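Let's take a friendly tour of a protein model, going from its overall build to one of its sheets. Have a look at the structure before reading on.

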Amino acid sequence: ILRERLKYALTGKECQQICMERCVKIDGKVRTDHNYPAGFMDVVELEKSGDRFRLLYDTKGRFVLHRIQKDEAEYKLCRIQKGYMSAKKVPVAVTHDGRTLRFPDPDVAVNDTVKVNIATGKMSDIYKFEIGAMIMVTKGHNAGRVGTLEHVEKHDGSFSIVTIKDKKGNTFATRQANVFVIGSGDHPQVTLPKGRGIKKTILQERAEAEARGDL
């Protein structure tokens with residue numbers, strides 16, 4: 001990220017030096033390992049330059065460093081992967097980034113998304129996985145597309161298929177494991193990168209490029 005995307009360093013050695021000077025924070029913790037794997041929804045913060053980014057996907061399924069304001073850098077959204085009872089009868093929910101939330105709200109179910117405060121690790125709001133929820137696809141051919149959940153087909157012993165409709169009225173389908181709730185209705189809880197998660201056809205992209213005078 002430091003070298004290829006942000007152009008803060010020219011060589012790998014310089015990336016190491018930036019990290020070892022404790023300049024880089026991921027989800028509010030200083031990370032000195034220059035190979036630290038940052039993932040979807042992580043907040044990357046460089047205090048000295050005042051930069052804050054959230055890792056999201058563009059409509060081509062590539063990671064995007066999306067610049068955010070300070071108040072938005074204080075939380076992240078986490079998808080609930082599983083819930084279980086621990087040894088001492090403590091209910092625990094495990095999120096997509098490996099956090100374990102003890103004593104979660106009893107309403108939380110798998111596939112829901114919770115808003116986690118990065119400083120305290122506590123969860124505040126719950127966004128249910130339900131019809132009409134706003135969703136971002138995080139894997140597969142449609143990665144990075146944003147839309148509202150239309151329909152869920154349950155297939156026992158196989159993958160549940162969900163149907164999603166984006167703002168332009170295009171519908172597409174993907175597996176239930178590939179979707180990530182980012183809000184309810186038309187209100188995403190994180191600001192979206194440019195393009196708003198609507199995939200354009202190649203012809204539309206060409207027409208827009210011609211209109212801008214790029215071609």
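Among contacts in the protein between residues at least 6 apart in sequence, what percentage join residues at least 24 apart? The share is 41%. Keep in mind as you explore that this is a predicted model.

Now for the overall build. The secondary structure comes to 2 helices and 16 strands. With a radius of gyration of 19 Å, close to the 17 Å that the globule rule gives for 215 residues, the protein is as compact as a globular protein of that length. Along the principal axes, its C-alpha atoms fill a box of roughly 60 × 50 × 30 Å.

What about inside and outside? Buried residues account for 41% of the 215 residues. The protein exposes about 12,700 Å², and 50% of that area is supplied by carbon and sulfur atoms.

Charges are next. You can find 38 positive and 28 negative side chains here, with the centres of the two sets lying 3 Å apart.

Finally, zoom in on one open sheet. Its 5 strands follow the order E2-E1-E3-E4-E5, and their pairing is antiparallel. Strands E2 and E5 are the edge strands, so named in this table with their residues, and each pairs on one side only.

| Edge strand | Residues |
|---|---|
| E2 | 29-30 |
| E5 | 63-67 |

Strand E1, covering residues 24-26, runs antiparallel to E2 and is joined to E2 by 2 bridges. To see this pairing up close, find Lys25: its bridge partner in E2 is Val30.

How values were computed. Residues numbered from 1 in each chain as written. Predicted model: local features only at pLDDT ≥ 70, side-chain atom pairs only at ≥ 80, totals over all residues. Heavy atoms only, no water. Pairing = 2+ DSSP bridges. Helix = DSSP H or I, 4+ residues; strand = E, 2+ residues; numbered from the N terminus. Rg over C-alpha atoms; globule rule 2.2 N^0.38 Å. Buried < 20%, exposed > 50% of the residue type's maximum accessible area, 1.4 Å probe, protein only. Contact = heavy atoms within 4.5 Å. Areas by Shrake-Rupley, 256 points an atom, 1.4 Å probe, with all protein chains shown as cover. Lys, Arg positive; Asp, Glu negative; His and termini not counted. Charge placed at Lys NZ, Arg CZ, Asp CG, Glu CD.
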